[in-house]
Amino acid sequence: MAIRVYKPTTPGRRRSSVDAFKDVTKTKPEKSLIQIIKPRAGRNNQGKLTVRHKSGGAKKFYRLVDFKRQRFDVPAEVKAIEYDPNRGPRVALIEYEDGVKSYILCPEGLKVGDQVLSSDKAIEAKLGHRLQLKYIPVGLFVYNVELTPGKGGQLVRGAGLAAQFLALDGEYVHLKMPSGEIRKVSAKCAATVGTLGNADRRLIRWGKAGRRRHQGHRPVVKGKNMNPVDHPHGGGEGHSPIGQRRGPQTVYGKTALGVRTRNKKKWTNKLIVRSRHKAKKK
């Protein structure tokens, strides 16, 4: 998808860009497939701040996207391609033969009028079809990948992303993730064939702080600009360094930047064939 660049009529417009929305065919969402979500602004049920730098943002409806697609062997027709303010890729409105409508993540190349199908049997691996990994030919790209059979897609759901099916290894398949990591996933897990659309979203330049506020982001202040009671980097005269510390720290005193936070004893480590860190070194 393309992005649009305006003339620099104001400082906020200069060098900023927006989504072109040329692929969107329907502007208003399906009423039966939306619900209201109340902004929590990074706070828990006690009203205490648990995630910093968040705010309410613009009001928006949540689209009920079907990440499972367990209506097997029932063909569905794509009725519209819609914008979803809660995620990067587009969503496709599909209607099954019995009249039931649903939202799914829209892959690159899917058009209005196309047929999509989900099955627990071996079927043709066409664009938008969802089936178990063991029935997908080696070499194809997939998205919306399950980690637990029947739970629904959890991996590869961002705009422009796809995982490549490398090999079938007994009860597992080898997938190359967008990060470069090669990972084992159960062959009984389901995935959708294709690559997610709207890949140009990462090229958007937001241009001004106001657009980020509309997305729910609050301003971030450097730790070295704070007082010592507010941040480990705080204090000193002028633009002071972080002192005698070995490296950067978070506001809570934990070492930051370049420190791996994954638990070395996590049981899923055995499913990682090649780490994404080793892939970057090569």
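Helices here are DSSP runs of H or I with at least four residues, strands are E runs of at least two, and both are numbered from the N terminus. With that in place, here is the protein.

This is a predicted model, where local features need pLDDT of at least 70, side-chain atom pairs count only at pLDDT 80 or more, and totals for chains, interfaces and linings use all residues. Residues are numbered from 1 along each chain as its sequence is written, and side-chain values use heavy atoms, with hydrogens and water left out.

Overall layout. The secondary structure comes to 2 helices and 17 strands. The C-alpha trace spans about 70 × 50 × 40 Å along its principal axes. The protein has 282 residues, and 35% of them count as buried. Buried means under 20% relative accessible area, exposed means over 50%, and partly exposed is in between, with a 1.4 Å probe and protein chains only.

Now contacts, meaning heavy atoms within 4.5 Å. Take contacts between residues at least 6 apart in sequence: 54% of them join residues at least 24 apart.

Surface next. Accessible areas come from the Shrake-Rupley method with a 1.4 Å probe, and for residues only the protein chains shown count as cover. The protein exposes about 17700 Å². Carbon and sulfur atoms supply 51% of that area.

Charge. Lys and Arg count as positive, Asp and Glu as negative, while His and the chain ends are not counted. Each charge is placed at NZ of Lys, CZ of Arg, CG of Asp or CD of Glu. There are 61 positive and 22 negative charges, and their mean positions are 13 Å apart.

One positive patch deserves a slide. Which residues form this positive surface patch? Arg260, Lys264, Arg276 and Lys278 do. Patches take residues with over 30% relative accessible area and no salt bridge; like charges are joined within 9 Å, and nonpolar side chains (Val, Leu, Ile, Met, Phe, Trp, Tyr) within 5 Å. Lys264 sits in the loop between α1 (209-214) and β17 (272-274). Lys264 counts as exposed because its relative accessible area is 80%.

On to salt bridges. The rule is a side-chain nitrogen of Lys or Arg within 4 Å of a carboxyl oxygen of Asp or Glu. How many salt bridges does this rule give? The count comes to 10.

Start with Asp19 and Arg90. Their closest N and O atoms are 2.9 Å apart. This pair links distant parts of the chain, 71 residues apart: Asp19 is in strand β2 (residues 17-19), Arg90 in the loop between β5 (76-82) and β6 (91-96). Are these two buried or exposed? Asp19 is buried, at 12% relative accessible area. Arg90 is buried too, at 2%.

Second pair: Arg71 and Asp98, 2.2 Å from N to O. This pair also links distant parts of the chain, 27 residues apart. Arg71 is in the loop between β4 and β5, and Asp98 is in the loop between β6 and β7 (101-105). Arg71 is partly exposed, with a relative accessible area of 30%.

Third pair: Glu77 and Lys79, 3.6 Å from N to O. Glu77 is partly exposed at 30% relative accessibility, and Lys79 is partly exposed at 38%. There is a network as well. Salt bridges that share partners join Lys26, Glu30, Glu82 and Lys101.

Backbone now. Most residues other than glycine have a negative phi. Two residues here have a positive value: Arg15, with phi near 65°, and His53, with phi of about 65°. Arg15 lies in the loop between β1 (3-5) and β2. Arg15 is exposed, with 61% relative accessible area. His53 is in the loop between β3 and β4, and is partly exposed at 26%.

Next to His53 in our tour is Arg52. Arg52 lies in the loop between β3 (34-36) and β4 (61-63). Its relative accessible area is 34%, so Arg52 is partly exposed. Setting aside residues up to four places away in sequence, Arg52 touches Val251 and Tyr252. Arg52 and Pro219 are 167 residues apart along the chain, with C-alpha atoms separated by 9.6 Å.

Last stop: Gly207, in the loop between β16 (190-193) and α1. Gly207 is partly exposed at 47%. Beyond its neighbours within four places in sequence, Gly207 contacts Gly12 and Ser16. The C-alpha atoms of Gly207 and Thr250 are separated by 27 Å, with their positions 43 residues apart along the chain.
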